[in-house]
Amino acid sequence: GRQPVVPVRICVSIRESTTEEALASAARASCWGDLLEIRADYIRDLDLRQLLRDKPGPVLFTLRASHEGGDYSGSERSRLETILEAAQCGADLVDVEFSAFWKPVVEVVAKSRVVLSHHNYEETPEDLRPLIDSMAETGAGILKIVTHARCLADNLSIARALGYASEQHVNLCAAAMGREGIPSRILGAHWGSWMIFASVPGGRSTAEGQVPADDLVECFRIRQISAATQLYGVLGKPLGHSLSPRIHNAAFAARGMDAVFLPLEASSVDDFLQFDEAFPIRGASVTIPFKEEICARAHSLSVAANNTRAVNTLVRRAGGWHGENTDVDGFLQPLLRRIHLGKMRAVVLGAGGAARAVVYGLRSYGATVCVLARDVSKARILADEFQTQHGSWEQLPAAQWDLLVNATPIGMYPHIEETPVRAEWLTGEWVCDLVYNPGETRLLREAAQRGCRTISGIDMFLAQAKKQQQLWCGSAPPEQVMEDALKSALRPQTSLAV
């Protein structure tokens, strides 16, 4: 039967500079959160009585000192007095740091209403049990431990800490900050975290890696995650630009699958494999910079992955990881609808995993290809493999081409004003940019202004993502749902901040 779903408490952190703004933000967040954390250290005109009288839901009151990563610069005595006053005025929970003089708070406020917190902004210790034991001895009803993740495997320390706390019957909320720690925020409730901290949808976060509350509920469906939920994800570094979680989670929801697609920002392939050993991943997208290295770790390879020596899709099979390259089909599909590639002169910018797929695809249809890269030695290696020409970036102004393909991340969100090519060098017929976020890059905008015909990276991204869904699920993907999810995600201010 289906595994039980752990009840999820989402605590939305409110970061505003006035009492009125904090209340307005809390009202917006109340439909997503079970609790509202009012970060009073950011409020410049703090009116405690108004704040707690007009609160739209249960409130955790936090007045974080600057030496603990907060914004309060008054005396420690007045800070503690304000925390005690908040408890008297109707705060449902109050936060006090383990590093502070916490005794008056634990002694005066009902222990069930005290959140005793510890923050480590440098690292994630491997064993958090001694810290949990020390904090539990204070008698505080709820413990909170937040660390900084330096790698994906640091999430495992959080999972172990939560497992230990459950065994000891201690209410612990734990998470790792940073993009590498995002899995701890999505899987934390399932691991036993008493509450999960989230940011206000469309608002400012109070910690790096905090996920907007609406994304936690709607995109990652964390209220439905159980031990039976299958894990998928995107492996890369950095992943701040990636919209893969939106597309694939929407597809899983449309299929009615008990699955979640996570951002898996890793320091290395070994780091990813360590996480996978503890929490097996059923399938993964692979992006910069791991497409080539993961190829050597796969148990088997598709023809396209073997020929390009680059893997952008991992599929779990009985013998181990099977590596696929859906970039080739993803790149070719939008092109073949518009262009006859035979005898086409193409210039490919870049020499990484994406460039490999592009060169292989173009050569398989008879195009003449020249690879240009900042690192000429990499361009030479790629060109030699596919019997094409190569050169340095500086040769582009003199190159003759019908099709220019940007296979680098230049121009990708958040660096949307960057371009790999000066506008006056855009002298050919077609320009294709593999960057899909933003949908229209500066390169494509300037190419259109110069009279070139353009192909957006959105077409390729969707085509390769649909093929991934087919490989993972064994049936046709919900194409319209995936297209709608991408369109929605590419609207201004909706990029997933991971």
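Contact here means heavy atoms within 4.5 Å. In this predicted model, Ala355, Arg356 and Val359 of helix H13 are in such contact with Ile381, Leu382 and Glu385 of H14. By residue class, the contact of H13 with H14 comprises four nonpolar residues, no polar ones and two charged ones. Helix H13 spans residues 353-364 and helix H14 residues 376-385. The axes of H13 and H14 lie 10 Å apart, and the two helices pack at an angle of about 30 degrees. H13 is therefore roughly parallel to H14, since angles under 35 degrees count as roughly parallel. The crossing of H13 and H14 is right-handed.

A second helix pair is formed by H9, residues 244-255, and H16, residues 457-473. The axes of H9 and H16 come within 11 Å and cross at roughly 45 degrees, so the two helices are oblique to each other. The crossing of H9 and H16 is also described as right-handed. On the H9 side, the residues in contact are Ser244, Ile247, His248, Ala251, Phe252 and Arg255. These meet Phe461, Ala465, Gln468, Gln469, Gln470, Trp472 and Cys473 of H16. The contact of H9 with H16 divides into seven nonpolar, five polar and one charged residue.

The largest pocket has a volume of about 870 Å³. Its lining consists of 41 residues, of which Ile288, Lys291, Ala354, Ala407 and Pro409 are the closest to the pocket centre. Two or more lining residues are given by each of H9, strand S11 (281-286), H13, H14 and H16. Both helix pairs described above thus recur among the elements that line the largest pocket. H16 gives the most to this lining, with five residues. In terms of residue class, the lining of the largest pocket holds 20 nonpolar, 14 polar and seven charged residues.

The structure holds one cavity of 30 Å³ or more. The volume of the largest cavity is about 30 Å³. The residues lining the largest cavity are Phe331, Pro334, Leu335, Cys432, Ile455, Ser456, Asp459 and Met460. Six of these lining residues are nonpolar, one is polar and one is charged. Helix H12 (327-336) and H16 each supply at least two residues of the lining of the largest cavity. The largest share, three residues, comes from H12. H16 is thus among the elements that line the largest cavity and also gives residues to the lining of the largest pocket.

Several backbone features fall in loops. A cis peptide bond, with omega about 0 degrees, joins lysine 237 and proline 238. Proline 238 lies in the loop between strand S9 (230-236) and H9. The peptide bond from asparagine 437 to proline 438 is likewise cis, with omega near 15 degrees. Proline 438 is located in the loop between strand S19 (430-433) and helix H15 (442-449). Lysine 343, although not a glycine, has a positive phi of about 70 degrees. Lysine 343 lies in the loop between H12 and strand S15 (345-349).

Notes:
Residues are numbered from 1 along each chain as its sequence is written. This is a predicted model: local features need pLDDT of at least 70, side-chain atom pairs count only at pLDDT 80 or more; totals for chains, interfaces and linings use all residues. Side-chain values use heavy atoms; hydrogens and water are left out. On a 1 Å grid over the protein atoms alone, a cavity is a set of points where a 1.4 Å probe fits but cannot get out, and a pocket is an open set with protein on both sides within 12 Å along at least five of seven lines; lining residues have an atom within 4 Å of a point. Grid points are joined across faces, edges and corners, and a volume is the space filled by probe spheres set on the points. Helices (H or I, at least four residues) and strands (E, at least two) are DSSP runs, numbered from the N terminus. Ala, Val, Leu, Ile, Met, Phe, Trp, Tyr, Cys and Pro count as nonpolar, Asp, Glu, Lys and Arg as charged, and the others, Gly among them, as polar. Axes are lines fitted to C-alpha atoms, for helices over the stretch in contact, and angles run from 0 to 180 degrees between N-to-C directions. Angles under 35 degrees count as roughly parallel, over 145 as roughly antiparallel, 65 to 115 as roughly perpendicular and the rest as oblique. A crossing is left-handed if the near helix is turned anticlockwise from the far one by less than a right angle, and right-handed if clockwise.
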